[in-house]
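Subject: Model for your review

Hello,

Here is the structure I promised to pass on. Please open it alongside this note. My findings follow below it.

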Amino acid sequence: MSEIISKNDLISFFSNIAEIWQHHIDYNFFKDIELSPDQIKIIDHDEDQMLINGYAGTGKSITLLYKFINTILREAESKKILYISYNYTLIADTIKKLNDSEIYMKNKHRHEIDVTTYHEMAYKLLRKLEVIDGKKKSKLTQEEIIRNDQDALRRIGVIVDKYKNPQSEEYEKIPKDEKLYSTHDARFIKDEIKWMKENGFVDKPEYIEVERKGRSRSIRLTKKQRNTIYKIFEVYNKMLKEQFHNHMDLEDYALEIIRNKKWIKDDLKYDYVFVDEVQDLQPMQIKTLVMLTKKSLIISGDPRQTIHRRSPYSYEKLGINITERGRNRVLNKNYRCSAQTMRLANSLNFDNGEHKLDKRNFVREGDKPLIVKCENANKEMEFVINKIKEIFDENPNETVAVIHREESEISNSRYSDRLKALKGHFLNVSDSKNYSSKFNTNKTKQILYTSAYDIKGLEFDHTFLIQFNDEHYPQKYQIEELLKNQEMDESMLKEDIDEIKNIEKKLLYVAMTRAKKNLYMTYSGNISEFSNDFESQDYETQIYK
């Protein structure tokens, strides 16, 4: 006897078919990108919180971007969706990719979408809350970060002078056991206040007692002396408010969102939040993104590329639970760089070797990196310019990045001589400031001149890592600043220097792993001490005179 199918059964059957069809998507969002099975599994897998964890070049950022577009396509009702990162250049690159995606451009109008930097998002939110009414922040490049840092140093220096000058009224009021050491100079205190803000230790009792993880160990600071630091902290905040028209440090944006969380209604929050290069965000910034997420928070990053000091926070303490099965997805295979480039980058020793990628995951063969010793700085740029001309003569469609370490050298009024030299020979030379408007992969002979910080998350056919000398890798001035203080704890000094070198090696690792085809590392003077980590069989050498 045959079964009789009811009307309700038929409706249920066709509803299920419709749902399957709706969720079946051909992942042809971008031209010339073929996803791996592991990437597709991540894109298809739904969680309210997820970490896409991957080494440099494993495709974690493009996987996040596909997951972002996939959400836009699958959600039938209008949603509020945020795609965010810390770095302006990376967001500019993401917007370029999205503008080239036909399927994204056709569907973006169905939702309320923000693709932006953290500070741009925070600025808009605080304006809506009527917390701030100030001048809009400029594009957050490394140069802008340094400028903000220098402003803070000057302002804090004025206050510190009063609290350390024996002739001042402020100094007289400080109890003996709370007076600061000579090692507690303006730079140390500026860094201490920055650390307090980025980790949210802005209430006095908590700051006095907290373990200062990530701070200098060679410069001793007692709990009693923290009382004086906190007084300076209070005076500094008052100065920003009264003398500088409610100016906010970069770290203050997250703190203001947290202070005003009771006023943040659901219509100001996001259904979906996607975070790229999450390791670059400060703890309080991550905490605010958790606060602003209603349905799903997807983060992508690589702790091996963290270029900041250690934080006392784990993801769990900030409200992100990635310990449950399925929430921490790992990508291992490197699709960007050649095996030869990855072998050299992989040989850098930092984080006790925890970053090292299994060589079986290097999937593409290519040329060995070339390390070039140049007679002087002018000859170094001459080599770079001539080599770029050779590249463009062979294929003008290939992209080039020149990665410098000038971020500590360029003042507001001085323009880079190296950048001038490039512009004297090539028409399409962009920098971090105009990358979004000028760099165009649909045009020929495209060059980006950028810092090792601002290139995070980007990739190019050919990468020139210049200034690979003992002045810039590691940045010599950072270690010299430490050594200036004569009263530091020498037993802890090596640990602080090692921490600086550890961060600098991570930065070098990031810069080296931007190259899809060829990596050139140039220097004049003495080569960087980091070259001692390299095996001679992993690179070629050249002398250029």
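Start with one pairing: Ile 371 has Met 521 in β12 as its bridge partner. Please keep in mind that this is a predicted model.

**Around β7**

The pairing of Ile 371 and Met 521 belongs to a longer contact between two strands. β7 covers residues 370–374 and β12 covers residues 515–524. The two run parallel and are joined by five bridges. Lys 373 is placed opposite Tyr 523 of β12.

What does β7 pair with besides β12? β13 is a partner, also in the parallel sense and over five bridges. There, Leu 370 has Glu 540 of β13 as its bridge partner. Four of the five residues of β7 are buried, so the strand is mostly covered.

These strands are part of an open sheet of seven, ordered β9-β10-β8-β11-β12-β7-β13, with parallel pairing. β9 (429–431) and β13 (540–544) are the edges, each pairing on one side only. From one strand to the next, the twist averages 20 degrees.

Helix α14 (residues 339–346) has buried residues that pack against β12 and also against α19 (490–512). How many of its eight residues are buried? Seven are, and the helix is mostly covered. They are Ala 339, Gln 340, Thr 341, Met 342, Leu 344, Ala 345 and Asn 346.

**The other sheet**

Six strands make another open sheet, again with parallel pairing. The order is β3-β2-β4-β5-β1-β6. Its edge strands are β3 and β6 (328–331), and each pairs on one side only. Ignoring direction, neighbouring strands here are turned by 15 degrees against each other on average.

β4 and β5 (residues 293–301) run parallel, joined by five bridges. Within that region, Tyr 272 stands opposite Ser 296 of β5.

Two helices lie across strands of this sheet. Helix α2 (residues 37–44) lies across β1 (49–54) and β6, at about 155 degrees to β6. Helix α6 lies across β2, β3 and β4, at about 125 degrees to β3.

**Helix α6**

Why call α6 largely enclosed? Eight of its eleven residues (118–128) are buried, so the rest of the structure encloses most of the helix. The buried ones are Tyr 118, His 119, Glu 120, Met 121, Ala 122, Tyr 123, Leu 125 and Leu 126. As a reminder, residues three or four places apart in an α-helix point the same way, because there are 3.6 residues a turn.

What do the buried residues of α6 pack against? The partners are strands β2 (80–85), β3 (112–117) and β4 (270–275), plus helices α12 (252–259) and α13 (283–291). Just past the end of α6, Glu 130 has a positive phi of about 60 degrees.

**Gln 279**

Where does Gln 279 sit? Its place is the loop between β4 and α13. Is Gln 279 buried or exposed? Its relative accessibility is 9%. The cut-off for buried is under 20%, so Gln 279 counts as buried.

Its side chain has polar partners. One is the side chain of Glu 277, in a polar contact at 2.5 Å. Another is the backbone of Asp 302: its nitrogen lies 3.0 Å from a polar atom of the Gln 279 side chain.

**The chain as a whole**

The chain has 19 helices and 13 strands. Of its 545 residues, 55% are buried. Take the contacts between residues at least 6 apart in sequence: 78% of them join residues at least 24 apart. The exposed area is about 26400 Å², with carbon and sulfur atoms supplying 47% of it.

**Confidence**

Check this before you set anything up. The mean pLDDT of the chain is 88, and 90% of the residues score at least 70. Which elements mark the extremes of mean pLDDT? β4 has the highest value, 98. Helix α1 (residues 7–23) has the lowest, 51. Over residues 17–22 the pLDDT falls below 50, and this stretch has two contacts in the model beyond near neighbours in sequence.

Best wishes

Terms used
Residues numbered from 1 in each chain as written. Predicted model: local features only at pLDDT ≥ 70, side-chain atom pairs only at ≥ 80, totals over all residues. Heavy atoms only, no water. Buried < 20%, exposed > 50% of the residue type's maximum accessible area, 1.4 Å probe, protein only. Contact = heavy atoms within 4.5 Å. Pairing = 2+ DSSP bridges. Axes fitted to C-alpha atoms, helices over the stretch in contact; angles between N-to-C directions. Polar contact = N/O pair within 3.5 Å; in protein donor to acceptor, adjacent residues only side chain to side chain. Areas by Shrake-Rupley, 256 points an atom, 1.4 Å probe, with all protein chains shown as cover. pLDDT = per-residue confidence, 0-100.
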